[in-house]
Amino acid sequence: MPAKSKSQQQAAGIALAAKEGEKKVSDLKGPSKSMYKSMSKKELHDMAATKTKHKPEHKSDKG
């Protein structure tokens, strides 16, 4: 599942780093913390690998 915004891609990258032991789980906040708990390592990798060119900074509430 590709990220829908740059911030979503970044949060997935942070959560993935925690899953791989590169970042402390206790340092996670907000979206990255919930992604860490609810998504598999593969799902996080797929979302974090999304290209951010032509993506909005934040996902619109409308779409």
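User: Why is glutamine 8 called partly exposed?

Analyst: In this predicted model, glutamine 8 has a relative accessible area of 23%. Buried would require under 20% and exposed over 50%, so a value of 23% falls in between, and glutamine 8 is therefore classed as partly exposed. Glutamine 8 belongs to helix H1, and, apart from residues up to four places away in sequence, it touches Ala3, Met35 and Met47.

User: What makes serine 5 count as buried?

Analyst: The relative accessibility of serine 5 is 3%, and because the limit for buried is under 20%, serine 5 counts as buried. Serine 5 sits in the segment before helix H1 (6-19), and once its neighbours within four places in sequence are left aside, its contacts are Lys55, Pro56, Glu57, His58 and Lys59.

User: How do you know that the side chains of serine 5 and serine 7 make a polar contact?

Analyst: The distance given for this pair of side chains is 3.3 Å, and a polar contact asks for N or O atoms within 3.5 Å, so the pair qualifies. Elsewhere, a polar atom in the side chain of glutamine 8 lies 2.5 Å from the backbone nitrogen of lysine 4.

User: Why are H1 and H3 called oblique to each other?

Analyst: The two helices pack at an angle of about 140 degrees, and their axes are 8 Å apart. Roughly antiparallel is reserved for angles over 145 degrees and roughly perpendicular for 65 to 115, so H1 and H3 are oblique to each other. The crossing in which H1 passes H3 is left-handed. On the H1 side, the residues that meet H3 are Gln8, Gln9, Ala12, Gly13, Ala15, Leu16 and Lys19, and their partners in H3 are Lys41, Leu44, His45, Met47 and Ala48.

User: Which residues make up the largest nonpolar core, and what do the helices supply to this core?

Analyst: The largest nonpolar core has 10 residues in all, namely Ala3, Ala11, Ala12, Ala15, Leu16, Met35, Met39, Leu44, Met47 and Ala48. H1 and helix H3 (41-48) each supply at least two of the residues in this core, and H1 gives the most, with four residues. In soluble globular proteins, nonpolar side chains tend to be buried together.

User: What does alanine 3 touch beyond residues up to four places away in sequence?

Analyst: Alanine 3 touches Gln8, Gln9, Met47, Thr50 and Lys55, and among these Met47 is also a member of the largest nonpolar core, as is alanine 3.

Key:
Residues are numbered from 1 along each chain as its sequence is written. This is a predicted model: local features need pLDDT of at least 70, side-chain atom pairs count only at pLDDT 80 or more; totals for chains, interfaces and linings use all residues. Side-chain values use heavy atoms; hydrogens and water are left out. Buried means under 20% relative accessible area, exposed over 50%, partly exposed in between (1.4 Å probe, protein chains only). A polar contact is a pair of N or O atoms within 3.5 Å; within protein, one must be able to donate a hydrogen and the other to accept it, and residues adjacent in sequence count only if both atoms are side-chain atoms. Contact means heavy atoms within 4.5 Å. A nonpolar core is a set of buried Ala, Val, Leu, Ile, Met, Phe, Trp, Tyr and Cys residues joined through side-chain atoms within 4.5 Å. Axes are lines fitted to C-alpha atoms, for helices over the stretch in contact, and angles run from 0 to 180 degrees between N-to-C directions. Angles under 35 degrees count as roughly parallel, over 145 as roughly antiparallel, 65 to 115 as roughly perpendicular and the rest as oblique. A crossing is left-handed if the near helix is turned anticlockwise from the far one by less than a right angle, and right-handed if clockwise.
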